[in-house]
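Please look through the sequence and the model below before reading on. The paragraphs after them are meant for a reader who has not met this structure before.

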Amino acid sequence: MRVQKLTLSLALLIVIGAISCKNAEKKERQKVIRVEKPVTKVDVTIDTSNAFNGLFIDSSLVNGFLAADSLSDTLVNRIKSFYNSRNYQYAWFSPEGIPEHTISFWNLLKNYLNYSKDSSVYSKTLTARMEALITARESVKIKNDSAFQNLELSLTKFFYLYADHAYAYDAGFDMKTLEWYIPKKKLTLEAMLDSVISARGQFSEAYAPRNPQYTALRKKLQQYKAIRDAGGWPRVNSKVEEMKKGYKDAAVLVLKKRLKVEGFLDGADSTFTNVYDTALAGAVNAVKEVYGYKPDGKAGKTFLRDLNVSVDERIQQILINMERMRWIPIETRDSGRAIMVNIPEYKMHIYENGRPAWDMNVVVGKESNNTTVFTGMLKTVVFSPYWNVPTSIVKKEMGGRPGAAYLERNHMEIVNGQVRQKPGPWNSLGLVKFLFPNSYDIYFHDSPAKSLFNRDKRSFSHGCIRLKEPAKFAQYVLGDTSKWNAEKIDSAMNSGKEKFVRVKRPIPVLITYFTAWVDDDGRLNFREDIYGHDAIIAKKMFLNSVGTTWSRQKAIRDSIQHIKDSVKQKELERKEKRKLDSLKRAGI
């Protein structure tokens, strides 16, 4: 199966594309003198009924901040335009917490700083506050108080400072586009789709982000709008767990019609039979490749669940990922090594000198321990690592404090109050781990559970990212020194003695979350919204958001959990009643 390279292209743009050129190259070029446009008028059509964000800031507070911060007139006018265009709704924080685009911008800014070392877009105070908030984002309560108001306005200030520096030599970049980077107003799915197709408003060419993926997704929308206008596609309901070659049933005929609508199967409906034939198996494989399944020619229940997602939901998914594409920075002439993981794709992609080199399957965090989206620099390899068991796992999965028998059975020990697992093939981190310092305590590592890598859906870990080929990856990471050849790496991995090795030239790492993209063959790829990020954005972007697959699955899981909790509660009540009855019989 051919490697789908779209996401690889994204990695190049994000990881090593945060600056428009190397510092040496900048000296040889002329900075762009921009013609500033008039301050945008207040958009009074935005109110609490249709605002993207339910949190608003008073205009007098914005003006007070601008007056007190000694900003240039140009920057003051840009920030005024920004909030006028939003009718003073918050851009970076919402009542529900820290939005995805806020974390995307923060990582973009940090990535730019890593490459440029440009201190003029760095604030120690802002950095400390944002890192603390993002680390504790699950429990953060957003308030419309002075602390969050100042933080909101500071982020907007640095948003424009970043753009002014990162695009300083790009004459084609218009600062007005930044007013459209963060959605302002909810629209119906139909209105937004029409806006994209006709290239009006936030989807016009003037406000489009400058990356080919955004354009490619926008073109695909025309195809899916045509499908929608024609009535969508039929739902396939199978009586069996898995349909395959030779199977006969009315569902097979429906499946053929379904695949024809999306362009995976040719022929007139009148020529289709109810037999699962070779042509259908080939069409199923074509779909499976762009839906993230192994191409085995079979149509099972899980695959049909994805196939039965409505065309409206697929359109919504494309629109959501177009918004994510706004945070892809401009391409550069930089070169080197880079690593990217796209979480919903369960893939790691490796670059060399700006070109895709190879990839591997990975296992990512399960829903309750979802892997965070962020950037970093891989700096250290740890052979034969200890696993310091997180307190949360000790409490939830080991009963608080494991006994001596449990510790011995699982090759564990307690050192200074910390439960840790000893190095060896039994270790949950496997034989090697790779560190790229971050506030989320996420890293790459080996795993003794090799069978998980063969599954289509691979979200099983506690948050870190497991690698299918850790030895190969170690050789790549340490490949710039002859000291660490394959033989020595194998020896270190199996030594049973923990060893830290610094990477000679740290490698950029990017963790992303794209559920829809167009690959180099022009095929639109879809993946499951495994963490529900699409579901959250959908509710904020659309007045009539379509219930997502993730939302439906969560509802089912919640219902099942409710039943389990009820059964457990009834059992506890029965135990308590038996205990009371026993005490009564004993006369107590």
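What follows moves from the whole protein to a group of its helices, and then to a single residue.

The model is a predicted one, and its secondary structure comes to 19 helices and 16 strands. Of the 588 residues in the protein, 51% are buried. Among the contacts in the protein with a separation of 6 or more, 72% are between residues 24 or more positions apart.

A good place to begin a closer look is helix α6, which takes in residues 124–135. Its 12 residues, at 1.5 Å a residue, should span 16 Å, and because the C-alpha atoms at its ends are indeed 16 Å apart, the expected and the modelled span agree. The residues of α6 that are buried are Leu126, Thr127, Met130, Glu131, Leu133 and Ile134. They cover an arc of only 165 degrees around the axis, and therefore lie on the same side of α6. On the face of α6 that is turned away from this buried side, the exposed residues are Lys124, Thr125 and Ala128.

The buried residues of α6 pack against two other helices, α5 (100–116) and α7 (146–166), and this leads to the question of how those partners are placed. In general, two packed helices are described by the angle between their axes and the distance between the axes. For α5 and α7 the angle is about 45 degrees, and the axes are 11 Å apart. Because an angle from 35 up to 65 degrees is neither roughly parallel nor roughly perpendicular, α5 is oblique to α7. Their crossing is left-handed, and the contact is made by Thr102, Phe105, Trp106, Leu108, Leu109 and Tyr112 on the side of α5, together with Leu155, Phe158, Phe159, Tyr162, His165 and Ala166 on the side of α7.

Helix α7 also meets helix α3 (residues 59–68), where the two axes come within 11 Å and cross at roughly 60 degrees. The crossing of α3 and α7 is right-handed, and here the contact is made by Leu61, Val62 and Phe65 of α3 with Gln149, Asn150, Leu153 and Ser154 of α7.

Elsewhere in the sequence, Glu323 lies in helix α13, which runs over residues 311–325. Is this residue buried or exposed? Glu323 counts as buried because its relative accessibility is 7%, which is under the 20% cut-off. If its neighbours within four places in sequence are left aside, Glu323 is in contact with Tyr181, Pro183, Gln202, Phe203 and Met541.

Definitions and conventions: Residues are numbered from 1 along each chain as its sequence is written. This is a predicted model: local features need pLDDT of at least 70, side-chain atom pairs count only at pLDDT 80 or more; totals for chains, interfaces and linings use all residues. Side-chain values use heavy atoms; hydrogens and water are left out. Helices (H or I, at least four residues) and strands (E, at least two) are DSSP runs, numbered from the N terminus. The expected span of a helix is 1.5 Å times one less than its number of residues. Buried means under 20% relative accessible area, exposed over 50%, partly exposed in between (1.4 Å probe, protein chains only). The arc is that of the directions from the helix axis to the C-beta atoms. Contact means heavy atoms within 4.5 Å. Axes are lines fitted to C-alpha atoms, for helices over the stretch in contact, and angles run from 0 to 180 degrees between N-to-C directions. Angles under 35 degrees count as roughly parallel, over 145 as roughly antiparallel, 65 to 115 as roughly perpendicular and the rest as oblique. A crossing is left-handed if the near helix is turned anticlockwise from the far one by less than a right angle, and right-handed if clockwise.
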